[in-house]
Amino acid sequence: MQALVIVAHGSHLNPDSSTPTQRHADTIRATGAFDEVKTGFWKEEPSIREVLRTVESEEVYVVPLFISEGYFTEQVIPRELRLDGWDVSQWDSDGLSADTATLTAADTGQTVHYCGPVGTHESMTDVLVRRAETVTGDPDVGEGFGFAVVGHGTERNENSAKAIEYHADRVRAMDRFDEVQALYMDEEPEVDDVTDYFESEDVVVVPLFVADGFHTQEDIPEDMGLTDDYRTGYDVPTEVDGIRIWYAGAVGTEGLMADVVLERAAEAGANLDEAIATVREETRETGAAGD
């Protein structure tokens with residue numbers, strides 16, 4: 001038997017924070033690729049500390065639904081899972097290249113394949129582009145459009161900015177969009193000034209966040225000038241300074257995120273070729289998770 005455990009932050013304040021994680025788990029569970037698919041959270045139940053005790057399988061693939069390497073993926077999750085002998089050097093990562101470390105859970109004896117976060121996987125670039133397709137309703141969107149990837153910035157987490165730049169570079173290399181820009185909430189170039197960085201008449205803006213919350217639903221829309229008060233809502237697209245802004249919301253709400261989770265597990269040794277193909281086909285048909 002083999003199991004998949006998806007771990008995420010969750011929130012005591014935002015009941016919707018865990019929704020994308022649960023939906024991606026449901027998508028993967030429906031493929032039948034794993035005997036068990038479980039979720040665990042830092043700020044919600046079931047907790048990361050207890051989740052392995054709910055798993056019967058002796059072999060467990062753990063995939064963090066986090067955007068970047070850092071405090072949670074390097075310290076909190078391994079500690080809460082009680083991974084015997086864990087050291088971040090086992091990933092041998094430059095902040096973008098964490099892959100897999102195979103360890104034993106000290107209290108349950110299970111073999112745990114601890115994977116790098118979804119946010120630094122190369123397949124996340126496909127999810128970002130899929131968000132552009134979903135929000136515009138155009139599977140061929142690109143020509144005539146600018147594309148912005150938004151993150152916190154280096155003042156919060158240096159590796160977070162690395163992930164933003166990494167995916168912006170990969171989207172740029174596709175030569176699909178007329179312009180591609182990495183923007184930040186806490187440093188230059190700031191998302192507040194989004195229209196200063198594009199000449200295109202249409203710009204898709206995708207925040208590299210796992211779930212919609214305070215930043216993606218309130219801060220960013222107001223900062224970009226889509227609305228003076230997030231509670232009154234805004235149109236998609238909304239014209240700002242003569243540019244139509246297609247605001248896509250958090251990338252983690254896109255159904256194709258389930259594919260990135262599977263890619264991480266597959267690289268750790270799980271046999272998932274059929275499941276990956278199924279998820280890619282199904283999420284192409286259904287669009288964003290929850291639509």
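## A walk through two domains

Start at the seam: across the interface of domain 1 and domain 2, there are two salt bridges to find. Keep in mind as you click around that this is a predicted model.

**Stop 1: colour the two domains.** Select 1–118 together with 254–285 and give them one colour: that's domain 1. Now select 121–251 for domain 2 and pick another colour. Notice that domain 1 is made from two stretches of the chain. How far apart are the C-alpha centres of the two domains? They lie 26 Å apart.

**Stop 2: look at where they meet.** Here, 25 residues of domain 1 are in contact with 24 residues of domain 2. Between them, the two domains bury about 2000 Å², and 56% of that is on carbon and sulfur atoms. Which residues of domain 1 lose the most area to domain 2? Select Ile-67, Leu-96 and Glu-254: together they make up 32% of what the domain 1 side buries.

**Stop 3: zoom in on a salt bridge.** Show the side chains of Asp-126 and Arg-280. These two form a salt bridge, with their closest N and O atoms 3.1 Å apart. Asp-126 falls in the domain 2 range, while Arg-280 falls in the domain 1 range. While you're at the interface, you can also hunt for polar contacts: nine residue pairs make them across it.

**Stop 4: pick out the helices at the seam.** On the side of domain 1 that touches domain 2, the elements giving two or more residues are α7 (257–267) and α8 (273–286). α7 gives the most, with six residues. Colour that side by class and you'll get 10 nonpolar, five polar and 10 charged residues.

**Stop 5: switch to cartoon view and find the sheet.** Look for an open sheet of six strands. Reading across, the order is β2-β1-β3-β6-β5-β4, and the pairing is mixed. Which strands sit at the edges? Select 36–41 for β2 and 83–84 for β4; each pairs on one side only. Next, add β1 by selecting residues 2–8: six bridges join β1 to β2, and the two run parallel. To see one matched spot, click Ala-3, which stands opposite Glu-36 in β2. Strands like these are held together in a sheet by backbone hydrogen bonds, whether parallel or antiparallel.

**Stop 6: a bridge inside a helix.** The whole structure has 15 salt bridges. For another of these, select Asp-26 and Arg-29, whose closest N and O atoms are 2.6 Å apart. Both residues lie in helix α1 (residues 19–31), three residues apart, about one turn of the helix.

**Stop 7: some backbone oddities in the loops.** Go to Glu-45 and Pro-46, which are joined by a cis peptide bond with omega of about -5°. You'll find Pro-46 in the loop between β2 and α2 (48–51).

Then jump to Val-236 and Pro-237. The peptide bond between this pair is cis as well, with omega near 5°. Pro-237 lies in the loop between α6 (214–224) and β10 (238–240).

Finish at Asp-175. What is the sign of its phi, positive or negative? Asp-175 has a positive phi of about 55°, although this residue isn't a glycine. Asp-175 is in the loop between α5 (158–173) and β8 (179–184).

Definitions and conventions
Residues are numbered from 1 along each chain as its sequence is written. This is a predicted model: local features need pLDDT of at least 70, side-chain atom pairs count only at pLDDT 80 or more; totals for chains, interfaces and linings use all residues. Side-chain values use heavy atoms; hydrogens and water are left out. Domain bounds come from an automatic or database domain assignment. Contact means heavy atoms within 4.5 Å. Buried area is the accessible area (1.4 Å probe) that two parts lose on being put together, summed over both. A salt bridge is a side-chain nitrogen of Lys or Arg within 4 Å of a carboxyl oxygen of Asp or Glu. A polar contact is a pair of N or O atoms within 3.5 Å; within protein, one must be able to donate a hydrogen and the other to accept it, and residues adjacent in sequence count only if both atoms are side-chain atoms. Helices (H or I, at least four residues) and strands (E, at least two) are DSSP runs, numbered from the N terminus. Ala, Val, Leu, Ile, Met, Phe, Trp, Tyr, Cys and Pro count as nonpolar, Asp, Glu, Lys and Arg as charged, and the others, Gly among them, as polar. Two strands pair if DSSP finds at least two bridges between them.
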